[in-house]
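Student: I should like to look closely at one part of this model and to see how its surroundings are arranged. Could you begin with a single residue and work outwards from there?

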Amino acid sequence: MKKFADTPFLPTEVEIEAISDTEAKISAYPFESGFAITLAHPLRRLLLSSSIGYAPIAVKIEGANHEFDSLRGMLEDIAIFIINLKNIKFKINSDEEQVIVEYSFYGPKEIKGADLANADVDVVSPDAHLATINSDCNLTFSIIIQKGIGYVPSEDIRDIVGPDYIPIDAFFTPVKKVVYDIEKMLVEDNPNYEKAVFTVQTNGQITPITAFKEAVSVMYSQMSVFNKVFDLSEVTVNDSGEEPVELKDLIVKIDDLNLSARSFNSLDRAGLKYLGELVLMSEVEVKNIKNLGKKSFDEIAEKLDSLGFPIDNTLPENIASALRRKLEQLKA
């Protein structure tokens, strides 16, 4: 006898494959027919439009008055210099939304992206060419680097920078490419189920896994507008009989977990302050924390397991969404 469903089938599996530091493949399955593309298309748009990146928004060059000027001893005109600057991908090394970095170079020299890295900013495109100067040139300039999303034209920037700065079109999006494929799969003799496979590539300012997680978070936060009418916090998909997760158990500070100094320092340098931040991370993301060795990873995984939050265990979505909002408030 045919069974009639009263709710859509809920996908249960997620696979993450880190192809490189800038490319990853994320798969989710199984979806009922038509549901995979319903999820995949808006996620692709959010990845391309809402991922946080960094971009130079203005430059001040000593001896140059406007973007159509030229500078003695520099091969490139100022316009070409600005085009080259837009192709260099910066990353702010702090929680600041904006930094101003100053540089001074003496020729002869070919200036590349790697020459612009300092304590304030990192450069993830070290081989990108900026300018070539000869022995007659002393090139002194400062750049305003901003954190943001999407694209902002120079016309909108002109009024928010000083009159001695030349505004630059700001391309913040760190995601270079997002491709999704919908594959058919067999579930209980039914060949019409689907698998959504995302391939995400970034420019190195953020990892593709971080970009994907941020896009999912943005989708949830946008949907939360309906909480004004519907109490979505009462909606649950967990019928396993397990005890509900309490938010207070997830906002414990990491320095209260009694981790070793090595493990704590790695998490602290990565800006992680609360247990909930670790619980929301995938196993791949935890392993990719800078300077986190295998022993430290094993210690953290054991600690999470002892607290009832095994690594890579997915929280109920209503709890995860509420936790993200709470963490944003605590770290604001």
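Tutor: Let us begin with Asn258, which lies in the loop between helix 4 and helix 5. The model is a predicted one, and every value below is computed from it. Asn258 is not a glycine, yet its phi is positive, at about 60 degrees. The two helices on either side of this loop each pack against another helix, and we may take them in turn.

Helix 4 covers residues 208–223, and it packs with helix 1, residues 35–50, at an angle of about 110 degrees. Their axes are 9 Å apart. Angles of 65 to 115 degrees count as roughly perpendicular, and helix 1 and helix 4 are therefore roughly perpendicular to each other. On the side of helix 1, the contact is made by Leu39, Pro42, Leu43, Leu46, Leu47 and Ser50. Helix 4 contributes Ala211, Phe212, Ala215, Val216, Val218 and Met219. By class, this contact of helix 1 with helix 4 holds eleven nonpolar residues, one polar residue and no charged residue.

Phe212 deserves a second look. Seven aromatic pairs are found in the whole structure, and one of them joins Phe198 and Phe212. This pair is edge-to-face, with the ring centres 5.1 Å apart and 65 degrees between the planes. Phe198 belongs to strand 14 (residues 190–202), whereas Phe212 belongs to helix 4; the two are 14 residues apart, and the pair links distant parts of the chain.

On the other side of the loop stands helix 5, residues 261–269, whose axis comes within 9 Å of that of helix 8, residues 294–306. The two axes cross at roughly 90 degrees, and helix 5 and helix 8 are therefore roughly perpendicular to each other. Helix 5 takes part in this contact through Arg262, Ser263 and Leu267, and helix 8 through Ser296, Glu299 and Ile300. The residues of this contact comprise two nonpolar, two polar and two charged.

We may now turn to other parts of the model, where the backbone again offers something to note. A cis peptide bond joins Tyr29 and Pro30, with omega about -10 degrees; Pro30 is found in strand 2, residues 23–31. Another cis peptide bond runs from Gly107 to Pro108, with omega near 0 degrees. Pro108 is placed in the loop between strand 5 (98–106) and strand 6 (109–112).

Finally, there is the question of enclosed space. The whole structure holds one cavity of 30 Å³ or more, and the largest cavity contains about 40 Å³ of space. Its lining consists of Tyr54, Ala55, Pro56, Lys86, Ile88, Lys89, Asp169 and Phe171. Strand 3 (residues 53–61) gives the most to this lining, with three residues. By class, the lining of the largest cavity has five nonpolar and three charged residues, but no polar ones.

Technical notes:
Residues numbered from 1 in each chain as written. Predicted model: local features only at pLDDT ≥ 70, side-chain atom pairs only at ≥ 80, totals over all residues. Heavy atoms only, no water. Axes fitted to C-alpha atoms, helices over the stretch in contact; angles between N-to-C directions. Helix = DSSP H or I, 4+ residues; strand = E, 2+ residues; numbered from the N terminus. Parallel < 35°, antiparallel > 145°, perpendicular 65-115°, else oblique. Contact = heavy atoms within 4.5 Å. Nonpolar A, V, L, I, M, F, W, Y, C, P; charged D, E, K, R; others polar. 1 Å grid on protein atoms, 1.4 Å probe; cavity = no way out; pocket = protein on both sides within 12 Å on 5 of 7 lines; lining within 4 Å. Points joined across faces, edges and corners; volume = space filled by probe spheres on them. Phe/Tyr/Trp six-rings, centres within 6.5 Å; stacked < 30°, edge-to-face > 60°.
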